[in-house]
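Here is a walk through a structure, from the contact between its chains to the confidence behind it. Keep the model in view as you read.

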There are 2 protein chains.
Amino acid sequence: MSSARPRNVRVSLGERSYPVRIGTGLLDGLGELVARRTGAHHAVLITVPGVGRRYGARALRSLRAAGLRCSRVTVPDGDASKNLAQAAELYAALLAQRADRGSALVALGGGMVGDLTGYVAATFLRGIPFVQVPTTVLAMVDASVGGKTGVNLPEGKNLVGAFHQPAAVLADVSTLRSLPARERAAGFAEVVKAASIWDSSFFARLERRAAPLLRLEEGALIPTLERAVRIKAEVVGRDEREQDLRMLLNFGHSMGHAVETLEGYRGLLHGEAVSIGMVYASRLSETLGVAEAGIATRLTALCTSLGLPVELPGYSRLAYRKALGVDKKRRDDRIHYVVLERIGAARTQALTPAEIVALVPRGGAGPKPGGRRADSRGGTRYLRGK
Amino acid sequence: MSSARPRNVRVSLGERSYPVRIGTGLLDGLGELVARRTGAHHAVLITVPGVGRRYGARALRSLRAAGLRCSRVTVPDGDASKNLAQAAELYAALLAQRADRGSALVALGGGMVGDLTGYVAATFLRGIPFVQVPTTVLAMVDASVGGKTGVNLPEGKNLVGAFHQPAAVLADVSTLRSLPARERAAGFAEVVKAASIWDSSFFARLERRAAPLLRLEEGALIPTLERAVRIKAEVVGRDEREQDLRMLLNFGHSMGHAVETLEGYRGLLHGEAVSIGMVYASRLSETLGVAEAGIATRLTALCTSLGLPVELPGYSRLAYRKALGVDKKRRDDRIHYVVLERIGAARTQALTPAEIVALVPRGGAGPKPGGRRADSRGGTRYLRGK
């Protein structure tokens with residue numbers, strides 16, 4: 001089927017441009033890609049236990065076949081590994097394996113592995129190359145484009161990091177088959193985000209394709225991932241450092257991060273938090289009079305059809321305000337909050353945390369974390385005002 | 001005296017270009033400079049106890065007068081503070097002071113403060129601006145140009161870091177008066193390095209000016225610092241990422257770092273280690289037949305007249321080889337070692353650690369660390385071969 005052929009998206013960043021390859025069965029070409037794109041003589045594969053068990057040997061075989069000395073480092077699974085202590089352990093592991101400026105890191109796994117590996121690559125010896133092999137939908141469409149790397153601090157997510165572009169991204173969709181259904185679904189949140197801020201006809205295609213996407217049918221999946229990557233690459237290529245345009249990629253992320261902070265990075269997957277954040281933002285956009293009516297309903301329906309949660313966990317307004325306060329996009333007391341004008345068109349609006357939490361139900365007696373039920377009442381049960 | 005007027009050197013790096021201002025009594029202009037160059041609304045002054053006691057209040061007064069909210073963080077003195085744990089403490093301090101992307105860091109102190117502050121600025125929230133206020137000769141001519149920031153690992157110096165250009169550098173030479181004589185002298189090692197690799201007439205001027213420089217006479221000092229900064233800015237401006245040309249700035253640093261590693265970052269100041277490394281490199285250059293005869297004698301004499309040590313601490317060849325082995329400039333087994341062809345002209349040569357240590361006296365019964373005596377016997381007592 002021709003729509004399942006591999007696709008190449010070029011992320012254009014001058015001399016730091018790189019290709020994102022999306023297709024099925026690409027893992028065997030990893031070694032050739034690493035050798036060609038990095039010029040390295042040594043590769044360190046960084047992965048997590050489950051992914052490493054499934055795909056590690058195949059990745060290493062391909063790296064060795066390309067003439068690279070290589071080894072594997074496994075880090076514990078979960079976002080809790082994305083911290084400074086784990087980065088320090090990786091530096092020590094790299095030195096123990098005699099890594100130098102002729103070494104490249106290969107991140108095999110989801111967004112956590114990519115962010116952590118990218119951060120270590122950005123800072124080890126002031127920067128060595130790395131290649132991403134994302135194995136989740138989320139990492140394929142989001143973490144692999146933009147050059148954002150980083151780790152969490154106890155005070156919040158991604159508070160320490162660096163911009164460091166990968167030398168290449170290899171997205172082998174056959175690795176998605178082993179993902180739990182919940183993680184597959186969560187990944188599509190960033191696809192929905194890309195469509196929401198940029199491309200209404202892509203949004204309409206997603207509305208029609210939710211079922212085949214969740215089944216990972218390649219004819220639907222590969223062009224969908226390609227379109228989402230292209231949108232992000234277009235935004236990032238125009239504006240490598242986070243400014244104006246790139247801020248639109250934060251759609252759903254201010255409240256999404258607040259939710260994750262409140263949950264202590266447990267309970268909800270990142271994509272689930274983003275889904276909640278996007279639906280919240282669409283409601284707020286309508287309430288503020290920025291958006292045309294009906295977008296919250298469409299966004300809620302699409303997220304729900306993709307199996308994503310759409311309701312805020314039941315914390316108080318004060319808790320959400322505080323959680324927004326350590327968000328790194330804060331500048332003075334206002335946050336550049338991303339609002340939708342309509343499906344496919346977004347902009348930022350400077351809002352205080354208090355203004356942002358205006359739609360959080362008073363009293364904090366809302367639904368429990370992880371709830372997947374769509375809010376069939378639209379925005380009507382939410383109170384307005386401070 | 002007109003030669004003591006303030007000088008401005010522009011480091012040309014496209015949109016990341018920045019000015020280095022060199023003169024006396026400039027500290028009172030800090031706040032205006034930070035506000036103009038960074039656009040920040042908040043500044044965090046990072047310093048060490050002694051420097052902070054002398055100049056901290058004046059710096060903060062200037063920052064406040066420019067309308068900036070500001071605060072001070074003091075880190076323990078010494079290279080031992082330049083590590084990941086101290087960086088983590090600084091991240092926490094910044095968050096406690098509600099730092100955000102509208103904050104700027106100000107590094108007030110020597111190279112350690114600049115490297116650590118620069119690294120934290122490079123990585124906090126994926127990068128915020130910083131301004132350097134170097135208070136040592138070394139930091140004025142070396143650490144302030146090139147954008148290298150970083151911290152040490154237990155395994156070696158500067159193994160973790162990032163390239164992050166300051167928004168501006170303010171070198172107030174009046175702050176040098178409080179430096180111990182030994183630290184003043186050590187700073188001139190990097191000035192000698194700049195002259196050695198790039199400018200023979202500047203080298204000749206240094207040979208004539210050693211005494212007034214050590215007395216910090218502004219008529220000699222300010223143009224000397226300016227010339228050294230211009231050389232480094234020229235090298236770095238042509239080649240922002242460390243490649244070919246920029247490698248020449250490593251003259252004296254391979255063995256210098258090895259010495260520092262062996263000494264555990266104690267005992268010798270960085271400039272002293274570099275002096276030893278440069279004299280060693282000049283001898284090796286002659287031994288290898290790369291350099292014209294006599295350069296080792298001139299370099300030894302100049303370093304000695306500036307009060308710098310020139311002899312290797314008495315470790316074994318094996319110890320030096322091992323210490324070179326964790327040097328981050330290693331690629332495979334060869335090091336791009338910087339040799340001099342003549343005074344003012346350098347190039348790199350790929351050498352193994354074994355080849356580099358060929359002039360280390362056999363048996364390791366050499367002079368003790370910190371020895372300042374010039375080697376009046378030139379290179380003759382050193383054995384050749386592996």
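How many salt bridges are there between chain B and chain A? The count is 0, where a salt bridge is a side-chain nitrogen of Lys or Arg within 4 Å of a carboxyl oxygen of Asp or Glu. The side of chain B that touches chain A nonetheless holds 14 charged residues (Asp, Glu, Lys and Arg). Another 15 are nonpolar (Ala, Val, Leu, Ile, Met, Phe, Trp, Tyr, Cys and Pro) and 7 are polar (the others, Gly among them).

This is a predicted model: local features need pLDDT of at least 70, side-chain atom pairs count only at pLDDT 80 or more, and totals for chains, interfaces and linings use all residues. Residues are numbered from 1 along each chain as written, chains are lettered from A and ligands numbered from 1 in written order, and side-chain values use heavy atoms, without hydrogens or water.

Now the interface itself. In chain B, 36 residues are in contact (heavy atoms within 4.5 Å) with 36 residues of chain A. The two chains bury about 3100 Å² between them, which is accessible area (1.4 Å probe) lost on being put together, summed over both. Carbon and sulfur atoms carry 51% of that area. Helix 3 (84–96) and strand 7 (148–153) of chain B are among the elements giving two or more residues to this side. Strand 8 of chain B gives the most, 6 residues. Helices (H or I, at least four residues) and strands (E, at least two) are DSSP runs, numbered from the N terminus.

How confident is the predictor? The complex gets an ipTM of 0.83 and a pTM of 0.84. Chain A averages a pLDDT (confidence in each residue, from 0 to 100) of 89. Residues 365–386 of chain A stay under 50.

Notes:
pLDDT is the predictor's confidence in each residue, from 0 to 100.
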